[in-house]
Amino acid sequence: MNSGAASFDELDRKIITALMANARTSFAEIGTSVGLSSTAVKRRVDRLRDTGVITGFTATVKPSALGWRTEAYVEVYCEGAAPPRRLAEVVRNHPEITAAMTVTGGADALLHVRARDVEHFEEVLERIRVEPFIRKTISVMVLSHLLPESPEAGASQPVPTAAPSDAADVRRVD
């Protein structure tokens, strides 16, 4: 995989847009919409994957369909300078943490947590707090999503057309 900046043209952008809208769209369907053969689309998708522009295909699932009805963001404050590598090790041990990043400001990290209910969230929070280098946490519970079409709300990538109403929007390429 090439770690440098990838170059791609307008056709590549159209292919990427089509895959983001629905990665199950066949190469033939994409080809028809962008004016290429299915073989040419496949070659371009393969190149986009090889160069790291397309990093993978996944399933987007509505969290509530899995029973994850409680959501929060947790600021993590560490004793001293906890290296990001150590924080990454900790968050990988908690399947309820759906995103984690180091941040600027007072907190050292920000975690996105999903849980079945408030009791389950509290249990997750206690498991996080037991780490010896974590000094404190500040949690903010999500009440509602103002942009329900956003990935954070459990939607697929935002696209100009209406979002699918299925519980799962599977992302794959034939």
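Count up the secondary structure of this chain and you get 5 helices and 6 strands. Keep in mind as you look around that this is a predicted model. Starting at the N terminus, the elements run α-α-α-β-β-α-β-β-α-β-β, so let's take the helices at the start and then move on to the sheet.

Begin with helix 1, residues 10-21. Its axis comes within 11 Å of the axis of helix 3, and the two cross at roughly 85°. That makes helix 1 roughly perpendicular to helix 3, because angles from 65 to 115 degrees count that way. Who does the touching? On the helix 1 side you'll find L11, D12, I15, I16 and L19, and on the helix 3 side V41, R44, V45, R47 and L48. Sort these residues by class and you have 7 nonpolar and 3 charged, with no polar ones in the contact.

Now look at helix 2, which covers residues 27-34, and its packing against helix 3, residues 38-50. Here the angle is about 100° and the axes are 8 Å apart. Helix 2 is therefore roughly perpendicular to helix 3 as well. F27, A28, I30, G31 and V34 from helix 2 meet S38, V41, K42 and V45 from helix 3. This contact has 6 nonpolar, 2 polar and 1 charged residues.

One residue worth zooming in on is I30, which sits in helix 2. Is I30 buried or exposed? Its relative accessible area is 1%, and anything under 20% counts as buried, so I30 is buried. Setting aside neighbours within four places in sequence, I30 is in contact with I15, A18, L19, T25 and V41. You can also trace from I30 to K42: they are 12 residues apart along the chain, and their C-alpha atoms are separated by 9.7 Å.

Next comes the sheet. It is an open one, built from 4 strands in the order 3-4-2-5, with antiparallel pairing. Strand 3 (97-102) and strand 5 (134-141) stand at the edges; each has a single partner strand, so one side of each is left without a neighbour in the sheet. Going from one strand to the next, the twist averages 20°. Further in, strand 2 (residues 70-78) and strand 4 (residues 109-115) run antiparallel and are joined by 7 bridges. If you want a spot to find on screen, V74 stands opposite L111 in strand 4.

Two helices go with this sheet. Helix 4, residues 84-92, lies across strand 2, strand 3 and strand 4, and runs at about 170° to strand 3. Helix 5, residues 118-129, packs on the sheet too, touching strand 2, strand 3, strand 4 and strand 5. The direction of helix 5 makes about 160° with that of strand 5.

Within helix 5, have a look at H120. With a relative accessibility of 3%, H120 counts as buried. Which residues does H120 touch, not counting those up to four places away in sequence? They are W68, E96, A115 and R127.

Finally, step back to the whole chain. Buried residues make up 33% of its 174 residues. Among contacts between residues at least 6 apart in sequence, 69% join residues at least 24 apart. As for the outside, the accessible surface comes to about 10,700 Å², and 53% of that belongs to carbon and sulfur atoms.

Note on methods:
Residues are numbered from 1 along each chain as its sequence is written. This is a predicted model: local features need pLDDT of at least 70, side-chain atom pairs count only at pLDDT 80 or more; totals for chains, interfaces and linings use all residues. Side-chain values use heavy atoms; hydrogens and water are left out. Axes are lines fitted to C-alpha atoms, for helices over the stretch in contact, and angles run from 0 to 180 degrees between N-to-C directions. Angles under 35 degrees count as roughly parallel, over 145 as roughly antiparallel, 65 to 115 as roughly perpendicular and the rest as oblique. Contact means heavy atoms within 4.5 Å. Ala, Val, Leu, Ile, Met, Phe, Trp, Tyr, Cys and Pro count as nonpolar, Asp, Glu, Lys and Arg as charged, and the others, Gly among them, as polar. Two strands pair if DSSP finds at least two bridges between them. Buried means under 20% relative accessible area, exposed over 50%, partly exposed in between (1.4 Å probe, protein chains only). Accessible areas come from the Shrake-Rupley method with a 1.4 Å probe; for residues, only the protein chains shown count as cover.
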